[in-house]
Amino acid sequence: MIKIFSTDKVRELDKYTIQNEPISSIDLVERAATVFTSEFCRRYSKQTRIIVFAGQGNNGADALAIARMLTDAGYRVETYLFNPTMRLSEDCELNKQRLLHMEKIEFTEVVNDFVPPELEERDVVIDGLFGSGLNRPLTGGFAAMVRYINQSDATVVAIDIPSGLFGEDNRKNDPDSIIHADLTLTFGFPKLAFLLPENAEFIGEWKVLDILLHPEIIASTPTQFTLVTEEDIAAVFQPRNRFAHKGTFGHALLIAGSHGKMGAALLSAKACLRSGAGLLTVHIPGRGEQILQTAFPEAMVDLDQHQDHFSSVSGIKAYSSIAIGPGLGKHPDSAKALEQLLQVVEKPLVIDADALNLVAANKDLLKRIPPRSILTPHPKEFDRIAGESSNSYERLKKAQAFAIDHQVCVVLKGAYTAICTATGNVYFNNCGNPGMATAGSGDVLTGIILALLAQGLEPETASVAGVFLHGTAGDLAAVYRSEESMIASDITDMLGKAFKQIK
Ligand SMILES: NC(=O)C1=CN([C@@H]2O[C@H](COP(=O)(O)OP(=O)(O)OC[C@H]3O[C@@H](n4cnc5c(N)ncnc54)[C@H](OP(=O)(O)O)[C@@H]3O)[C@@H](O)[C@H]2O)[C@@H](O)CC1
Ligand SMILES: [K+]
């Protein structure tokens, strides 16, 4: 797991490292500038004209150190230090002196009026105006500078975080006063803001650079937010016991499909079978029998009394895990049948798609959802259940609170799917690609999670591992098919390879 700390916490980690490694603050800045410079040199040639914009704090200190190191490495660097209040942080002042001691430098300290340099498409701007010390939206001269940089065609590389962007909550920020970076090289940990879709235009590509903050304090400082890695998931999948039989891997029940939406049931069923469930029964409306039996001889079928939609289900105690929703439709009979199911079911359920919409239409049902159930909404479905949000930060906070209030697991789907648990933790998934934003992709995810639950994984683990498997299979499908051309069943087809890659 990669911890995601708030910018306030990162400041504490910096401080602890300085005191206990020990290392002086200026040397920690030097360390940050060194890793930044080596990553930068790997990406941009020495023929590139570099324009460094430095601010008054330690983000500026980094920028000035980077300007020095790039000059040393043979780059042509022009540096502008913005110092309108004539007050530099200690490390910034020191790095200014170090830069001034160099022989061939182009350095301007801006105190009052400023004529900005012409920026061209082939130039690279290094943005070191503000980092984690930003404490209010940018205004005045700084906002004007940001707009000037944004209007240029130059490539922009941000130090730590694009200037003007807060690490977490940007609801009250002014989007016109935030740097649009092409690349953000950040120190130590990803920032929460990097994972929210409305910030993508500011951050561009991002990469975490290790500045060796103290491992003890990293391990002992709690955080609710983490980024899932492949090693975390590899640990989930143990080798199968040689004496295992199909009963060992559970019997899953999928309640899905309605007239015109049988495809969703098929997609979900196939993904469940491909994700290791021992047995699968699919409860579908009568008319779907032939379709399902022909497509998947491996699955058993439990037919609804109704030909076209879900109207009742019985015998649910026999199943190790149950998912409901893909292609279910919103018929009033189905709403009643869902209510009845919620009255009798004791195990955690996977609730997806139309089942979520039925819950949204009758919020009383929320109280009946068994504890530790898994809800897998995309943002619009979540808004229907929990109310509109003004942006994805607000939605994330709501999902986190919702998961705690209702003691469920909310899998909020997106580019970085967020798995919010009943204890308040949020696990972000970092794999997958935009090609997966295609019809039926969510049905596949439901089938995967259902299978993992059937095999005895805890709901939170099944959600985190399921989302990771789904993303990994999607990435493999994109290599084979391209993001444009892939369809949901391509994701399922790659599940085998995804398992092999992870294990
Ligand atoms: N040893 C370390 O600590 C390490 C730190 N590192 C680096 O330091 C960065 C954090 O540095 P930082 O804390 O000095 O904050 P930074 O973002 O440079 O700016 C603070 C200045 O901005 C000002 N200010 C704020 N908002 C403003 C606004 N809207 N408009 C105008 N002014 C505004 C604020 O002044 P104020 O007016 O609030 O008094 C203050 O002067 C971090 O991102 C990383 O790059 C790494 O090198 C690792 C080691
Ligand atoms: K910056």
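These legends walk through a few close-up views of a predicted model.

**View 1. Two domains and where they meet.**
The protein splits into domain 1, residues 19-219, and domain 2, which is made of 230-234 plus 248-502. Measure from one C-alpha centre to the other and you get 43 Å between domain 1 and domain 2. Seven residues from domain 1 and nine residues from domain 2 make the contact. On the domain 1 side, the touching residues are three nonpolar, one polar and three charged.

**View 2. The C-terminal span from the record.**
UniProt, in an unreviewed entry, lists residues 229-502 as "domain: YjeF C-terminal". In the model, the C-alpha atoms at the two ends of residues 229-502 sit 10 Å apart. Helix makes up 44% of this span, and strand makes up 12%.

**View 3. The shell around ligand 1.**
Zoom in on ligand 1 and you'll find 26 residues around it. Which of them come nearest? Those are Gly57, Asn58, Asn59, Gly131 and Gly133. Helix 2 (25-43) gives at least two residues to this shell, and so does helix 3 (58-72). Sorted by class, the shell has ten nonpolar, twelve polar and four charged residues.

**View 4. An open sheet of eleven strands.**
Here eleven strands line up in the order 1-9-18-17-16-15-14-13-10-11-12, forming an open sheet with mixed pairing. Which strands stand at the edges? They are strand 1 (2-4) and strand 12 (300-303); each has a single partner strand, so one side of each has no neighbour in the sheet.

**View 5. Strand 1 meets strand 9.**
In general, strands of a sheet pair through backbone hydrogen bonds, and the pairing can be parallel or antiparallel. For strand 1 and strand 9 (residues 225-227), the sense is antiparallel, with three bridges. Look for Ile4, which stands opposite Phe225 in strand 9.

**View 6. Phe189 and its surroundings.**
Phe189 sits in the loop that runs between strand 7 (183-187) and helix 6 (200-203). Is Phe189 buried or exposed? It counts as buried, because it has 25 C-beta neighbours inside 10 Å, and the cut-off for buried is 20 or more. Leaving out residues up to four places away in sequence, Phe189 touches Ile2, Lys3, Ile4, Phe5, Val10 and Val208. Ile4, one of these contacts, is the residue that stands opposite Phe225 in the sheet view. Lys207 is 18 residues from Phe189 in sequence, and their C-alpha atoms are 9.2 Å apart in space.

Terms used: Residues numbered from 1 in each chain as written. Chains lettered and ligands numbered in written order. Predicted model: local features only at pLDDT ≥ 70, side-chain atom pairs only at ≥ 80, totals over all residues. Domains from an automatic or database assignment. Contact = placed C-beta atoms within 7 Å. Nonpolar A, V, L, I, M, F, W, Y, C, P; charged D, E, K, R; others polar. Near = placed C-beta within 6 Å. Helix = DSSP H or I, 4+ residues; strand = E, 2+ residues; numbered from the N terminus. Pairing = 2+ DSSP bridges. UniProt positions renumbered as here; feature names shortened; annotations may be inferred. Buried ≥ 20, exposed ≤ 12 C-beta atoms within 10 Å, placed from the backbone.
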